[in-house]
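Trainee: I have a new model open and would like to learn how to read it feature by feature. Could we start with the charged side chains?

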Amino acid sequence: MRLSEGGTELQISTTSKGVERHHEDLDAPLIPKGRWIPFLVVTPLFFLWAIPNNLTDILIRQFMKSFEVNGSTAAQLQSVFIGYFLWAIPAGIIMRRFGYKAGLVTGLVLMATGCYLFWPAAHSGAYFSFVVAQFVIGSGLSFLETGANPFIAQLGPADSSERRLNVSQAFNPLGSITAGLVGTTFIFSGVEFSDAQAAARRAAGTYQSYLHSETLRVVPTYMVLGSVALLWALMVLMTRFPAVAGEDASTPDAGPPRHVRLMQRHFVTAILAQFLYVGAQVGTWSYFIPYVRQSTGLNDKFAGYMLTGTLGAFAVGRFGSSWLMKHIPARRMLVLYSVVNVLLCLVGVAAPNWAGVVCVLLTSFFMSIMFPTIFALGIKGMGDKTKTAGSLLVMAILGGFILTKVMGMLRDASSIQAAYAVPVVCYAAVAVYAWLWADRVDESAG
C-alpha cells in the first residue's frame, strides 16, 4: 500500500514538473538583450523575399495571356523553387565557412541580379528567358531562407524558437500582400479581348504588339525590387552579427553544440512535411486567380484583388497565431490548422462557386504557421547538424515547383477544382506529421 502511495506521489511530482516545464517553454524570452539590432535587420528579409515569390502568381496569369501558354507551361515560372533546391546545400556550406552575414549578402545580390534580368528577358520576347531569371532569383532566395530561418531560430532560447521564427515569418505575408497589390495594380492592365476582338487584331497585325506590351508591364516592378535588394545588402553588411554559427538550437544557452545523427525521425519527416506544405501553399496561390475567374466570372484584376485578400488572411493568421503560441503548443496548433485546411480544400473541390472561393481564400489563414513551425520543430535537437538540417529543409521548397506543376497538369487534363485535390492530400499528410512525429526528438542521438 505504501509503495502504491509512493508511486502515486512520484507520478504526481513528475506531472507537476512537466506542467512547470511546459510553462517555462511558453514563457521563454523572445529576443535576448543585445540581439535586437540583428533581429530587426534580418526580419525584413522575410518581407522582401515574399515579394518575388508571390509576384510569380501574378506572372503565371499574365504570361498565360501575353505568351499564350497553358497552365502547365506557365508553371515553369516556378523554376524559382529549383533555384531553392540546387543552392540550399552550397548556401549552407558557405555560411558554415563564412557566417550568416556572407550568405545573406550573397542571396540579396543574386536576387537583385535575377530581377534585373527581367529587362533583357522582356525585350528578347523569349518566355524561357523569364524562366532563367526566375531561377536566378530563386538561387538568391535559397541563400536568404537557408540563412535567415536558422539565424532567427538560434538568436535566442530554443524554448521560444517557434514563436520567434513565427514573429519574423509574420512579415512574410505582408510582403505577399504587397506583391499582390503591386502586381494587380501595375502588371495587370485590365485590358482583355474576346475571341472575336483578338481575331480582328490579328487580322490587322496589331495583336502581337499588344501581347509584347503586356509582357513589358512586368519590367518596372522588378527593376525597383532589384534596387531595394541591393540597398538592403549594404544594410546587412553594416550590421554586426552575434556569433550564433556554432550554437545548438536545441539548448537555451550558447554552449558547444552536441554531436548528433542527421537522419533523425523527427527531422526526416519534417522535410517531407515541408515539401508537401510548400507545394500546397504555392499551388493554392498560383491557381487562385484562374479558380476565382472560373468560379465567379470575375476578370483578372478583380481576381487579383481577391488574391491579395487571401494573402491578407495569411498575414492575420501569422500574427495572431504567433500570439496564440504563448498559450498553445505549436505542434497542437499545427495539427488543428492542417485538419481545418483539409476540410476547407474539400469544399473548394466539391463546390467551385462563391462558397468554394471563400473556403480556398480562408486556407491561407490556417496555412500561415506551417512553414516556420515545421522548420523550427525540424531543426530542434539537431546540435552540430543544425545548419545542414536548415539547408535540407530549404531544399524541400522544391515541392512548390513539383506540386504546382502537378496541379497545372490536372487543370489542363480535367478542371481547376480537380487540381485543388492536391492540397487536400498535402494538408492531411502535414496533420499526420504533426500528430505523430513533430515532437519526437531523439535525445540519445549523441
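Mentor: Gladly. A salt bridge is a side-chain nitrogen of Lys or Arg within 4 Å of a carboxyl oxygen of Asp or Glu. Keep in mind as we go that this is a predicted model.

Trainee: How many salt bridges does the structure hold?

Mentor: The general idea is that side chains of opposite charge can pair when their charged atoms come close. In this case the structure holds 5 salt bridges. One of them joins aspartate 300 to arginine 61, with the closest N and O atoms 2.9 Å apart. Aspartate 300 sits in helix H15 (residues 300-324) and arginine 61 in helix H2 (residues 36-66), so this pair ties together parts that are 239 residues apart in sequence.

Trainee: Are aspartate 300 and arginine 61 buried or exposed?

Mentor: Both aspartate 300 and arginine 61 are buried, and the cut-off for that word is under 20% relative accessible area. Look around them too: Arg61, Arg293 and Asp300 are linked in a network of salt bridges.

Trainee: Which residue forms a salt bridge with lysine 65?

Mentor: Glutamate 214 does, and the closest N and O atoms are 3.1 Å apart. Lysine 65 belongs to helix H2 and glutamate 214 to helix H11 (residues 207-216), so here the parts tied together are 149 residues apart in sequence. Lysine 65 and glutamate 214 are buried as well. For another setting, try aspartate 412 and arginine 411, whose side chains meet in a salt bridge at 3.5 Å, N to O. Aspartate 412 is partly exposed at 36% relative accessibility, and arginine 411 is partly exposed at 24%.

Trainee: Let's zoom out. How many helices and strands are there in the chain?

Mentor: The chain has 22 helices and 0 strands. Of its 446 residues, 56% count as buried. Among contacts between residues at least 6 apart in sequence, 86% join residues at least 24 apart. As for the outside, the chain exposes about 17700 Å², and carbon and sulfur atoms supply 68% of that area.

Trainee: How should I read a single helix, say H13?

Mentor: Begin with the general geometry: an α-helix has 3.6 residues a turn, so residues three or four places apart point the same way. Helix H13 (residues 265-286) has 22 residues and reaches 31 Å from its first C-alpha to its last, close to the 32 Å expected at 1.5 Å a residue. Then check its surroundings: 17 of the 22 residues of H13 are buried, so the rest of the structure largely encloses this helix.

Trainee: Which residues is threonine 363 in contact with, leaving aside its neighbours within four places in sequence?

Mentor: Those contacts are Thr284, Asn341, Leu344 and Cys345. Threonine 363 itself is found in helix H17 (residues 354-367), and it is buried, with a relative accessible area of 0%.

Trainee: And which residues form a nonpolar patch on the surface?

Mentor: Leu231, Leu234, Met235, Leu237 and Met238 do, with about 540 Å² of accessible area together. Take methionine 235 as your example: its place is in helix H12 (residues 219-237), and it is partly exposed, with a relative accessible area of 35%.

Trainee: What about the backbone of glutamate 68?

Mentor: Glutamate 68 has a positive phi of about 55 degrees although it is not a glycine. You will find glutamate 68 in the loop between H2 and helix H3 (71-74), partly exposed with a relative accessible area of 42%.

Key. Residues are numbered from 1 along each chain as its sequence is written. This is a predicted model: local features need pLDDT of at least 70, side-chain atom pairs count only at pLDDT 80 or more; totals for chains, interfaces and linings use all residues. Side-chain values use heavy atoms; hydrogens and water are left out. Helices (H or I, at least four residues) and strands (E, at least two) are DSSP runs, numbered from the N terminus. The expected span of a helix is 1.5 Å times one less than its number of residues. Buried means under 20% relative accessible area, exposed over 50%, partly exposed in between (1.4 Å probe, protein chains only). Patches are made of residues with over 30% relative accessible area and no salt bridge: like charges are joined within 9 Å, nonpolar side chains (Val, Leu, Ile, Met, Phe, Trp, Tyr) within 5 Å. Accessible areas come from the Shrake-Rupley method with a 1.4 Å probe; for residues, only the protein chains shown count as cover. Contact means heavy atoms within 4.5 Å.
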